[in-house]
Structures are given as C-alpha cells and as structure tokens.
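Trainee: I would like to learn how to read individual features of a model residue by residue. May we begin with a single position and work outward?

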Amino acid sequence: MSSDGSNGDSTEEKREVVVLLPLDGARAASAAQQEPLCIFGTGDFGRSLGQRLLHSGYRLTYGSRRPGGCGPVPPGAQVMSHASAAQSAPLLFLCIHRENYDFLKPLAPQLQGKVLVDVSNNQEKNMYPEANAEYLQRLIPGAHVVKAFNTLSAWALQNGPSDASRQVHLCGNDSEAKQAVAAVATKLGLSVLDRGSLSAARQLEDAPLELFPEWRLPVRLAVGLTAAFYLYVLIRDVVFSYVEKNKDVSFRMIVSLANKVFPIVSIIMLSLCYLPGVIAAFLQLYRGTKYKRFPDWLDRWMLCRKQLGLIALGLASLHVLYSLIIPIRYYVRFKVAASTVSKARGNETAVFNNSVAWINDSFYSAGILGFGLYLLLGITSLPSVSNALSWREFSFIQSKLGYLTLFFCTLHTYLYGSSTFLLVSTYKWFTPPGYMLSLVLPTVVIVLKLLILLPCVDRRVARIRRGWERNAQAEEESRKLLLT
Ligand code: NAP
C-alpha cells in the first residue's frame with residue numbers, strides 16, 4: 001500500500017469520480033467499440049497524452065491517488081483509483097516519476113499480463129544503478145514493460161508534435177507488447193523506431209538529457225581554434241607593435257583581429273569536412289577493400305562533417321559582415337585621408353598598377369564565389385532541402401561543389417597574401433602570418449583530392465567502392481594457378 005493509501009480498497013472504490021458525461025444511446029454504442037486505455041498519473045504528461053489519446057478515439061481511464069481531488073483531466077476521461085483503473089484496460093501508461101513507483105508493488109495481481117508503458121525520465125544520467133524500465137519490470141515481473149514516449153514532451157504532445165519530436169523510440173522484451181504500443185503511437189500520428197529489448201532502456205532514458213550531442217566536438221574544436229588563433233594574431237599584431245615599436249594598436253583587437261581569426265578558423269574547419277573523406281579513400285586503396293571497418297575516430301569524424309561545415313559557414317558569414325564595414329571604419333578613413341593629403345602636399349601622382357588591379361579583383365571574386373557556394377552547401381544541408389534531393393544530387397552538391405568551395409576559399413586566401421607570400425619581413429618574432437598557417441590544411445586536402453582524381457587512382461577507388469577486393473582477386477588467381 002502506498003503512503004496515501006491509494007491501493008483500491010473499498011473506501012477508495014466508493015470515492016471514484018466519473019468525469020465522463022452521461023452517455024446517450026449512440027455514444028454508448030461508439031464507446032463500446034472504442035479501445036480502452038489507462039493512464040496512471042494525472043500530472044502534466046498524463047494529461048497531455050490523455051488528450052491526444054481521446055482525440056484519436058480511445059476510451060480513457062485515469063488511475064490517481066485522489067480520484068476525487070486530482071487536477072482537471074481532459075473531458076471524456078474517467079478517473080478511478082489505481083486498482084480499478086488497472087482493470088479497465090490491457091495497456092497502461094505510467095505517467096509517474098520513478099521515485100514513486102513503490103505504490104505499484106501491491107498492484108502486481110491487477111497488473112499481471114498487462115502492457116505497462118514506462119515514459120519516465122531522470123534528472124541526470126546514472127542516477128540509479130538500473131534503467132527505470134528495468135526497475136519497473138523487476139517490481140512487476142508479471143507485466144510486459146515497454147519503454148516508450150519518454151523522448152516526447154508534454155508540450156509537444158499537447159500542441160501537436162513537430163518534426164523533431166514525431167518519433168517514438170521504444171524497447172521491450174515482449175514483441176506483442178511492443179506491437180500494441182507501436183499501434184497506439186501510429187494512431188496518434190507518430191512514427192515508431194523499435195530499439196530492441198529492454199536493455200536499451202538506459203539509452204532511451206539518457207537521450208532526453210543530451211544537449212546537441214553531435215555538435216559537441218565541432219563546437220569545442222571551433223572554440224579551441226578561435227582562442228588559439230586569436231592569441232596568435234594578438235601576439236603578432238598588438239604585443240609585437242607595443243614591444244618592438246612602442247606603438248599602441250590595441251584598438252585592432254575588436255575588428256581587425258576578429259576579421260583575421262574568423263576566416264582562418266572557417267577555412268580550417270571547411271578542410272576538416274573534406275579531409276576524412278580523402279583519408280577514407282586512401283585507407284580503402286591501402287586495404288584494397290571497402291569491407292573493413294574504418295577506425296572509430298574516423299567514423300566519429302565523418303559523422304560530424306555537417307556540423308563542422310555549418311560552423312565554418314557561420315564564421316565565413318561573420319568574416320563577410322566584418323569586411324563590409326571596413327570602408328566606414330575611422331582607422332581606415334583616417335589612413336586614406338592622411339595618405340591623400342600627404343600625396344597632394346608632396347605633389348605625387350598615383351600610378352595605376354594593372355597587375356595589382358588584377359590580383360585585387362581576383363581576390364574579391366574568389367571570395368564571393370567561395371562564399372556563394374558555401375551558402376549553397378549550408379542550404380542543401382537543411383533537412384527540408386536535402387529531403388527533396390536525390391542521393392546523386394545531394395552528393396554532387398556536397399562533394400563536387402564542396403571541393404570547389406574549398407578551392408575558391410583557398411585561392412582567395414592565397415591571393416590575400418600574394419604580394420607578401422613567404423616574405424621574411426612579414427615574419428614577426430619568427431612567426432608567419434596567421435593566414436599562411438591557415439593555408440596548410442586546405443592545400444593538403446586539395447592536393448590529396450587531386451591525387452585521387454588521377455584516372456588510374458580514381459578507377460581503383462571506384463572499383464573498390466563497387467565491391468571489388470584485392471585479396472579476393474589474388475585468391476582467385478592462385479586458385480586458378482593451382483587448378484592448371
Ligand atoms: P507531474 O506533473 O509531477 O505528474 C506526476 C503524477 O504522478 C502526479 O500528477 C500524480 O498523479 C502522480 N504521483 C505523484 N506522486 C505520487 C506518488 N507518491 N504515488 C503515486 N503517484 C504519484 O510529472 P509529469 O511531468 O507528468 O511526468 C510524469 C512522468 O512522465 C515522469 O516520469 C517524467 O519523467 C515523464 N515525462 C515527462 C515529460 C514532460 O514533458 N512532462 C516528458 C517525458 C517524460 P495523481 O495525483 O493523479 O496520483
């Protein structure tokens with residue numbers, strides 16, 4: 001018996017409150033056809049789930065500690081004691097926190113053979129030695145426990161699930177019980193993903209506690225690279241000027257340094273999107289098969305390419321915005337005005353340099369084309385857009401146009417430093433300019449990709465990806481030799 005005594009004794013039975021309006025003949029007939037379901041707990045989740053079950057045509061009974069004194073329940077539902085409610089339906093949703101499960105123990109006879117849906121979540125990971133659903137199964141061994149619905153929120157259920165919360169993950173040891181729960185979920189307009197036996201419950205319970213898990217590594221990388229490069233250019237630009245020239249240029253920390261670091265990190269992260277694909281191709285060439293698993297680190301890296309690319313696009317967009325304000329900066333306007341006045345005073349005539357004009361226009365053009373393609377990659381990675389593309393169209397954009405984006409952005413960076421590239425005078429305290437460091441990775445990726453595109457290599461990679469195996473061919477040849 002639970003602390004509040006809601007075990008369905010006779011006093012409790014008498015206090016049952018029927019919220020359902022009196023049925024007329026037609027409604028009574030339709031109610032008789034309605035499938036009965038039960039929910040334990042009239043809290044937030046129980047009410048939201050109940051509302052949707054009623055809208056989907058189920059007959060609903062709530063089990064509550066205080067059938068007469070619980071909060072409002074959706075119109076059309078009955079509220080009873082737990083013991084009576086348990087007998088009203090073959091399938092029960094437990095919308096109760098795990099720490100209150102103890103009251104279920106005395107109800108074991110009424111719950112024998114029933115399907116119990118555990119929707120519970122915990123405040124944090126590893127709060128208990130076993131998953132809530134496994135604990136429930138141990139508490140009521142005669143019931144068929146199914147873990148489900150815990151990844152949906154009460155809010156989403158009430159307002160109609162969005163795309164992000166349209167999927168019900170479920171697991172359990174009894175396949176018929178799982179089918180029954182899946183049928184209810186489907187009737188609610190949700191899609192179902194069977195995650196296997198009840199031992200998967202821990203994973204399902206951890207899922208709502210995850211905060212953007214696939215973004216964690218790319219964000220950490222972006223923050224780490226941004227901090228490291230900011231420190232690098234700060235030392236080179238501001239500290240160096242102060243120490244060596246006794247000049248205070250600390251104002252550059254706000255715009256100039258930011259506008260140096262964002263493109264550097266952006267192009268490195270874009271290269272990191274394409275480097276694992278190149279490594280995978282070389283690994284397959286080396287192994288002579290595509291049937292050997294990639295190392296875990298490479299798998300994980302490949303899985304976060306979309307996030308790496310989107311962060312890279314965000315940083316490239318910041319670079320574009322920072323660049324747009326260059327002409328209106330006080331520092332820039334002052335320098336232009338000062339140089340014009342000094343030339344006028346010295347009666348100097350400016351000579352138009354054709355090659356500088358070519359390089360400058362090429363620099364801007366490569367940057368604009370690179371950024372345009374960058375945007376295209378970002379847009380096509382949106383699920384609503386990628387779902388409308390065939391696999392060939394998607395891979396054409398993300399792979400072929402992706403490498404083209406990397407090429408234009410790399411060209412843009414080479415042209416940025418074209419007049420001073422590798423010039424010793426640009427090294428401060430023996431350190432090269434930041435943009436030169438940022439060129440290492442994209443250059444390596446482009447060169448490796450060009451090697452893969454060589455017809456002899458490309459043919460071999462394509463054969464391996466269609467299933468050809470070097471060892472299998474060697475074995476076949478030696479078998480033929482033995483036979484002859
Ligand atoms: P809630 O609003 O606190 O409701 C819990 C209900 O449990 C209460 O209304 C009460 O119903 C019953 N209860 C409380 N103490 C009890 C006890 N000692 N013995 C027996 N029954 C007791 O919580 P909730 O937000 O609905 O969450 C319910 C479950 O759904 C939790 O396990 C939660 O992890 C899970 N969940 C919730 C959400 C969400 O968005 N809220 C999402 C996913 C999963 P009566 O007064 O009728 O007895």
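Trainee: Where is the place of Ser-120?

Mentor: A residue is first located relative to the helices and strands. In this predicted model, Ser-120 sits in the loop that runs between β5 and α6.

Trainee: Is Ser-120 buried or exposed?

Mentor: The criterion is relative accessible area, with under 20% counting as buried. Ser-120 has a relative accessibility of 4%, so it is buried.

Trainee: With which side chain does the side chain of Ser-120 make a polar contact?

Mentor: The partner is Tyr-101, the two side chains making a polar contact at 3.2 Å. Tyr-101 also appears in the wider list of residues that Ser-120 touches, once residues up to four places away in sequence are set aside; the others are Ile-96, Asn-132, Lys-147, Asn-150 and Glu-205.

Trainee: Asn-132 is in that list. Which residues of α6 are buried?

Mentor: For a helix, one reads burial along the whole element. In α6 the buried residues are Asn-132, Ala-133, Tyr-135, Leu-136, Gln-137 and Leu-139. Because six of its eight residues are buried, α6 is largely enclosed by the rest of the structure.

Trainee: What covers the buried residues of α6?

Mentor: The cover includes the strands β4 (91-94), β5 (115-118) and β6 (144-147), together with helix α9 (201-206). Gln-137, which belongs to α6 (residues 132-139), serves as an example. Its relative accessibility of 18% is under the 20% limit, so Gln-137 counts as buried. Apart from neighbours within four places in sequence, Gln-137 has contacts with Ala-143, His-144, Val-145 and Leu-198.

Trainee: How should a strand residue such as Phe-40 be read, and with which residues is it in contact?

Mentor: One combines location, accessibility and contacts. Phe-40 is part of strand β1 (residues 36-40), and it is buried, with a relative accessible area of 0%. Beyond neighbours within four places in sequence, its contacts include Gly-63, His-82, Leu-92, Phe-93, Leu-94, Cys-95, Ile-96 and Phe-103. For Phe-40 and Leu-92, 52 residues apart in sequence, the C-alpha to C-alpha distance is 7.1 Å.

Trainee: How many residues apart in sequence are Leu-406 and Tyr-274?

Mentor: The separation is 132 residues, while their C-alpha atoms are 8.8 Å apart in space. Leu-406 lies in helix α17 (residues 391-416) and is buried, at 0% relative accessible area. Its contacts, leaving out neighbours within four places in sequence, are Ile-267, Leu-270, Ser-271, Pro-442, Val-445 and Ile-446.

Trainee: What should one look for in the backbone angles?

Mentor: Most residues other than glycine have a negative phi. Phe-149 has a positive phi of about 65° although it is not a glycine, and the phi of Phe-430 is likewise positive, near 65°.

Trainee: Where do Phe-149 and Phe-430 lie?

Mentor: Phe-149 is in the loop between β6 and α7 (154-159), whereas Phe-430 is in the loop between α17 and α18 (434-438). As to accessibility, Phe-149 is buried at 0%, while Phe-430 is exposed, with a relative accessible area of 81%.

Trainee: Turning to the ligand, which residues come nearest?

Mentor: A ligand site is read through its surrounding shell and its polar distances. Of the 19 residues around the ligand, Thr-42, Phe-45, Ser-64, Asn-121 and Ala-154 come nearest. The shell divides into seven nonpolar, 10 polar and two charged residues. Ligand oxygen atoms are found 2.8 Å from a polar backbone atom of Phe-45, 2.9 Å from one of Ile-96 and 2.8 Å from one of Ala-154. Taken alone, the ligand exposes 890 Å², of which the protein buries 80%.

Trainee: What is the mean pLDDT of the protein?

Mentor: Confidence should be examined both as a mean and by region. The mean is 90, and 92% of the residues reach 70 or more. Over residues 1-26, however, the pLDDT is below 50, and this stretch has 42 contacts in the model beyond near neighbours in sequence.

Note on methods. Residues numbered from 1 in each chain as written. Heavy atoms only, no water. Helix = DSSP H or I, 4+ residues; strand = E, 2+ residues; numbered from the N terminus. Buried < 20%, exposed > 50% of the residue type's maximum accessible area, 1.4 Å probe, protein only. Contact = heavy atoms within 4.5 Å. Near = heavy atom within 4 Å. Polar contact = N/O pair within 3.5 Å; in protein donor to acceptor, adjacent residues only side chain to side chain. Areas by Shrake-Rupley, 256 points an atom, 1.4 Å probe, with all protein chains shown as cover. Nonpolar A, V, L, I, M, F, W, Y, C, P; charged D, E, K, R; others polar. pLDDT = per-residue confidence, 0-100.
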